[in-house]
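Please consider the structure shown below. The paragraphs that follow go through its sheets, its helix packing and one loop residue.

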Amino acid sequence: MKNLSFFLLLASALGTIHAQAPDGYYNGTENLTGYSLKTKLSQIINNGTEDHGYGGLWNAYKTGDLDKYYEKDNTILDIYSEIPTGTDAYEYTPGTDQCGSAGYTKEGDCYNREHLFPQSFFYEKAPMKGDYNFIFPTDGKVNNIRDNYPFGTVGTVSGTPSTNGSKLGTSNFPGYGGTVFEPIDEFKGDIARSLLYFITRYEDKLPDFKYSDNNNPQDGSKDRGFEQWYINLLLKWNHDDPVSQKEIDRNNYAYTYQKNRNPFIDHPEFVDKIWTSTLSSDEIKTIDKRFIIQNPVQNGTLVIAGKYIKDIQNVQIFDMSSRIIQQAKEPFRNTNTLRLKNLSKGNYILKADQQSVKFIIE
Ligand SMILES: [Ca+2]
Ligand SMILES: [Ca+2]
Ligand SMILES: [Ca+2]
């Protein structure tokens with residue numbers, strides 16, 4: 001009996017720690033980086049999925065989205081009203097406090113289904129519309145305030161923040177000055193990993209979405225998916241707010257519910273592996289003219305000219321398959337040359353912060 005209870009204790013401890021992807025789920029990703037890793041993940045997380053539709057989410061929330069972490073009262077865990085270190089302003093009983101896009105007049109009236117990537121941008125089509133991995137139960141009123149704005153960090157607040165401090169306002173994040181919605185720190189990583197899941201799973205469909213909408217941070221590409229500022233934001237949030245038990249549990253439930261997983265919860269390191277080591281096809285198309293490189297490069301030394309080259313923080317050199325070949329920090333602070341490491345003849349791209357130029361080695 002003693003042995004049995006020890007075994008059960010051990011099994012439950014292991015269950016908590018290792019409640020992760022089934023064996024082999026990520027087979028084939030081992031040696032991949034950049035957008036080829038993203039494409040492989042896209043295949044994996046589309047394979048064998050079940051779509052239980054928009055209506056199915058209500059039932060899913062009754063199991064997958066309960067507060068077992070803060071009040072631990074099995075009410076709906078709502079990222080727009082949960083106060084992690086204190087008592088929430090209101091609680092929602094699973095199943096009974098539901099509403100649609102109407103049915104509320106103020107915060108605390110009811111919860112509905114929040115598409116972290118707005119459904120209008122994909123014309124409310126299936127299977128996106130019912131994909132549990134990026135649709136969370138949230139307060140109806142706050143969901144309405146968030147509207148279809150991108151997430152971000154707010155400089156100047158407009159209106160009244162939600163009861164847990166989620167707020168709308170003007171972005172102060174480098175690269176974007178429009179209106180954004182800022183969740184509380186506790187859930188920034190959760191949102192980032194969900195959005196990165198979205199542009200990974202649906203990468204083949206991305207060019208058909210409404211990326212011309214001013215509030216849509218898509219860049220129109222299949223590979224990078226989002227504009228660079230949004231990628232920078234999501235990568236930062238992925239680092240600042242690491243994967244929590246809440247996300248692990250929800251991801252395990254997602255696998256039960258719709259037979260796929262969010263790879264960035266199982267492997268948060270995939271995020272940097274994909275988005276910091278490659279150029280998007282879009283960047284290759286829009287080569288910048290701000291820097292001039294002496295072309296072709298001779299004797300293994302790249303010579304650069306331009307007004308702001310001293311301020312360049314990060315330089316990366318890619319081959320034409322978007323593989324990273326060499327990188328350096330502030331290489332032009334005191335010089336206008338960069339010694340190249342044994343690059344063979346061919347075309348390359350030098351990326352300096354957000355600018356890029358092509359060069360040739362003869
Ligand atoms: Ca709570
Ligand atoms: Ca609370
Ligand atoms: Ca979190």
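Strands S3 and S4 run antiparallel and are joined by four bridges; two strands are taken to pair if DSSP finds at least two bridges between them. Helices (H or I, at least four residues) and strands (E, at least two) are DSSP runs, numbered from the N terminus. The model is predicted, and local features are given at pLDDT of at least 70, side-chain atom pairs count only at pLDDT 80 or more, and totals for chains, interfaces and linings use all residues. Residues are numbered from 1 along each chain as its sequence is written, while chains are lettered from A and ligands numbered from 1 in the order in which they are written.

Within the pairing of S3 with S4, Ser158 stands opposite Leu168 of S4. On its other side, strand S4 (residues 167–171) pairs with S5 in the antiparallel sense over four bridges, and Gly169 has Val180 in S5 as its bridge partner. The result is an open sheet of three strands in the order S3-S4-S5, with antiparallel pairing. Strand S3 (154–158) and strand S5 (179–182) stand at the edges with a single partner strand each, so one side of each has no neighbour in the sheet. Direction ignored, neighbouring strands of this sheet are turned by 45 degrees against each other on average. How many of the five residues of S3 are buried? The number is zero, so S3 lies largely in the open. Here a residue is buried if 20 or more other C-beta atoms lie within 10 Å of its own, exposed if 12 or fewer, and partly exposed in between, with C-beta atoms placed from the backbone.

A further sheet is also open; its four strands have the order S9-S8-S11-S12, and the pairing is antiparallel. S9 and strand S12 (355–361) stand at its edges, each with a single partner strand, so one side of each is left without a neighbour in the sheet. From one strand to the next, the twist averages 20 degrees. Strand S8 (residues 314–319) and strand S9 (residues 324–329) pair in the antiparallel sense over five bridges. These two strands, S8 and S9, form a hairpin with four residues between them, and Ser322 in the turn has a positive phi of about 65 degrees. Val315 has a partner in each neighbouring strand: Ala328 is its bridge partner in S9, and Ala352 stands opposite Val315 in S11. S8 and strand S11 (residues 346–352) run antiparallel and are joined by five bridges. S11 is in turn joined to S12 by seven bridges, again antiparallel, and Ile349 has Lys358 as its bridge partner in S12.

The helices come next. Two packed helices are described by the angle between their axes and the distance between the axes. Axes are lines fitted to C-alpha atoms, for helices over the stretch in contact, and angles run from 0 to 180 degrees between N-to-C directions. Helix H5 (residues 188–201) and helix H6 (residues 228–240) pack at about 130 degrees, with their axes 8 Å apart. H5 and H6 are therefore oblique to each other; angles under 35 degrees count as roughly parallel, over 145 as roughly antiparallel, 65 to 115 as roughly perpendicular and the rest as oblique. Residues of the contact between H5 and H6 include Ile191, Leu195 and Leu196 of H5 and Leu234 and Trp237 of H6, where two residues are in contact if their C-beta atoms, placed from the backbone, lie within 7 Å.

Helix H3 (residues 53–64) and helix H7 (residues 245–258) pack at an angle of about 140 degrees, and their axes are 10 Å apart. H3 and H7 are therefore oblique to each other as well. At their contact, Ala60, Thr63 and Gly64 of H3 meet Arg250, Tyr253 and Tyr257 of H7.

Finally, Glu203 lies in the loop between H5 and H6. Is Glu203 buried or exposed? Glu203 is buried, because 21 other C-beta atoms lie within 10 Å. Leaving aside residues up to four places away in sequence, Glu203 touches Lys38, Thr39, Ser42, Lys222 and Gly225. The C-alpha atoms of Glu203 and Phe318 are separated by 22 Å, and the two residues are 115 residues apart along the chain.
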